[in-house]
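Subject: A structure for you to look at

Hello,

Here is the structure I promised to pass on to you. Please open it next to this email, and I will walk you through what was found in it.

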Amino acid sequence: MTSLTAEEGAERSHRWAPLLLLCGGVVAVVASVRLGLGDVTQPGPGAWPLLASVGVVLTSAWLVVTGIEAPEETDRSDLAHVGLAVASTAGFVVLLPLIGMPVPAALMITAWMRLFGETWRLAMLTAVLGTVALQVVFVDLLGVSLPVGPLAPGGW
Amino acid sequence: MDFSGILVGVETTLTPSNLLFVLIGVLVGMVIGVIPGLGPTATIALLLPLTYGLDPATAVIMLAGIYYGSMYGGTITSVLLHLPGEAASVVTTFDGYQMAKQGRAGPALGIAAIGSFIGGLASVAGLVLVAPLMAGFALRFGPPEFTVLALLGIVLAAYLASRRFAAALAMAACGLVLATVGQDSIEGSPRFTFGSLKLLNGLDFVAVAMGLFGLGELLHTLDRSRRGTGEVIPVGHVMPSRDELRQCRGPIARGSVIGFVLGLLPGGGGMVASLSSYAVEKRRSRTPERFGKGAIEGVAGPETANNAGSQSSFIPLLTLGLPPNPVLALILGALLIQGITPGPRLIEDHPDIFWGVIASMLVGNVILLALNLPLVRVFIRILDIRVAILVALAVVVTMLGVFSINNSIFDLWVVLAFGLVGYGMRKVGFEPGPLVLAFVLGALLEPAARQSLLLSGGDLTVFVTRPISGSMLALAALVAIVSVVAARRRRALLADLPVDESEPSAVEDKEEAR
């Protein structure tokens with residue numbers, strides 16, 4: 001029901017993701033049993049997780065056998081882009097409690113804009129205006145208390 | 001017929017602040033409907049934290065507005081760019097875009113707006129009639145009935161709204177496992193916390209949803225150009241001619257009914273409703289060969305149905321506490337955060353929420369009709385905004401929004417982790433919808449299942465032998481059979497639809513996340 005031809009579909013079919021899931025499911029089954037299953041009248045803390053993780057094991061095992069199709073091609077430059085985007089977002093999370101919101105937010109916006117192939121000029125303009133707008137919305141209008149951070153120069 | 005309920009709703013809606021939030025909701029919905037790639041699920045996930053400080057009724061009124069507002073907005077890009085703004089508008093690309101190429105973009109948009117409006121009103125009327133009956137019936141539900149219904153709901157939703165049933169079930173099972181992270185609700189012992197105190201309260205629902213739907217979707221926009229060609233087809237006059245209106249009377253009437261009924265079922269809502277309506281209109285037509293080549297009925301029916309379906313899908317949530325699709329799962333999450341568990345008692349305990357949402361849909365649809373007939377050109381301008389700016393700002397909004405809930409940096413790492421997982425899932429062929437649906441329901445399901453066993457003294461047949469749960473199961477089996485047959489027909493229809501090879505993304509999106 002997609003526009004894939006049978007060949008393309010077969011090319012994108014893979015088993016590693018279901019296999020990974022299957023491993024996770026097995027770990028969850030073991031961990032659930034260790035939690036204690038109780039009995040039918042008094043199910044223990046592990047009973048429900050066991051049912052759910054057996055569900056994971058069965059369905060993923062089925063997918064390991066039949067394979068699953070990736071809906072689209074992925075090329076390496078895509079993954080590199082996404083990696084950089086995730087890294088810039090992780091940087092934001094690390095810096096936020098240290099130096100407050102404005103600088104990390106501006107950096108993250110610049111990074112994402114550049115990853116979209118926008119010019120430095122537009123990226124930095126968006127970063128500055130966007131950060132000011134977010135500061136106004138979140139801090140001044142919604143009253144969210146964002147960390148100022150011990151390293152920030154006197155806060156915002 | 002007792003109209004005091006709907007009067008409470010009208011009263012709730014007509015307060016200045018709620019009117020403002022209906023307007024905000026439908027405006028946001030329209031805008032994100034227009035932007036390809038950013039659907040109602042992602043947007044509602046992004047805005048969840050902002051509803052935290054609102055009154056519960058106001059919060060749900062706004063989120064509902066976003067959902068059905070996006071049903072209107074999604075039409076615009078489907079017709080003008082051959083790019084569905086959100087999943088439920090995919091069907092509209094078939095005939096809407098062809099109409100636009102023939103210089104009839106205006107009437108295509110016009111009839112979609114009129115159909116959506118009528119479907120919306122019909123759905124509200126249905127809600128007023130059916131919802132209280134269903135809530136009354138559901139009052140007799142105990143934990144066994146809830147357990148059976150919720151599990152069946154998850155399974156059916158996984159079947160109807162996904163490309164691969166097994167993959168959707170796998171994700172639903174993962175959702176159930178993730179929901180058990182934290183303290184056991186009955187005995188209090190820690191589960192899957194890896195010794196971390198921060199995990200003792202479980203994974204925060206908003207952080208998980210915003211990671212999978214919000215950040216995951218934003219990361220996905222980086223490697224996929226869904227920006228279209230940028231060539232927007234001129235619109236011209238919007239009002240359909242008298243002949244066209246006459247042609248669409250039947251499709252709009254049938255679309256209202258199909259949309260309303262399918263919205264009630266698990267896995268229902270806008271997307272399934274619009275596909276089914278298209279199938280019905282094509283089958284009923286004396287000239288089915290016109291479909292796919294600019295038949296106005298192929299726009300009118302589905303657009304009516306998707307709006308009617310998006311609204312009636314509130315019934316299962318408001319009366320049974322069961323969200324039939326991921327968007328409603330997010331709205332359930334928003335209510336749970338506010339300390340309100342929707343269910344059969346909602347109509348008694350919180351009539352302002354129950355009736356307020358329903359009445360707000362009346363107001364919302366009137367606003368949307370105005371936005372879509374005279375003001376539609378303003379929204380078309382949105383297509384000029386660069387995607388990069390929207391996405392970059394949305395990332396910061398996501399992170400700040402999640403932080404604002406618990407003032408917790410740990411939650412930000414949860415978002416990042418689930419964002420990466422959400423992105424990966426889309427790449428390898430899993431969908432996040434069933435996971436989030438099961439994750440939300442898991443927190444309610446486990447206590448219900450355990451209470452059922454306590455009640456019955458360990459007798460597992462409690463789930464099938466009680467008169468209500470037994471007949472629910474029988475009814476559900478019937479619904480399942482009917483839905484499976486209908487889904488097969490839909491899939492068959494999808495298989496022989498005209499596919500423009502230059503637009504592979506539009507075809508793949510048909511079956512994508514709802």
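The largest nonpolar core has 217 residues, and those that touch the most other members are Trp112(A), Val60(B), Ala172(B), Ala209(B) and Met210(B). A nonpolar core here is a set of buried Ala, Val, Leu, Ile, Met, Phe, Trp, Tyr and Cys residues joined through C-beta atoms within 7 Å. A residue counts as buried if 20 or more other C-beta atoms lie within 10 Å of its own, as exposed if 12 or fewer do, and as partly exposed in between, with C-beta atoms placed from the backbone. Helix α4 (residues 56-81) of chain B gives the largest share of this core, 16 residues. Because domain 1 (6-66) and domain 2 (76-141) of chain A both give residues to this core, it lies between them. These domain bounds come from an automatic or database domain assignment. The C-alpha centres of the two domains of chain A are 37 Å apart.

Before you go further, please note that this is a predicted model, in which local features need pLDDT of at least 70, side-chain atom pairs count only at pLDDT 80 or more, and totals for chains, interfaces and linings use all residues. Residues are numbered from 1 along each chain as its sequence is written, while chains are lettered from A and ligands numbered from 1 in the order in which they are written.

Now back to Trp112(A). Leaving out residues up to four places away in sequence, Trp112(A) touches Ala85(A) and Ser88(A), as well as Val391(B), Ala392(B) and Val395(B). Touching, or being in contact, means that the C-beta atoms of two residues, placed from the backbone, lie within 7 Å.

How many residues of chain A are in contact with chain B? There are 55, and they meet 58 residues of chain B. On the side of chain A that touches chain B, α4(A) supplies the largest share, 11 residues. Helices such as this one are DSSP runs (H or I, at least four residues; strands are E, at least two), numbered from the N terminus.

Another residue to find is Ile111(B), in helix α6 (residues 105-138) of chain B. Ile111(B) is buried because 30 other C-beta atoms lie within 10 Å. Its C-alpha atom is 9.5 Å from that of Gly301(B), although the two residues are 190 apart along the chain.

Finally, the mean pLDDT of chain A (the predictor's confidence in each residue, from 0 to 100) is 84, and 88% of its residues reach 70 or more.

Best wishes
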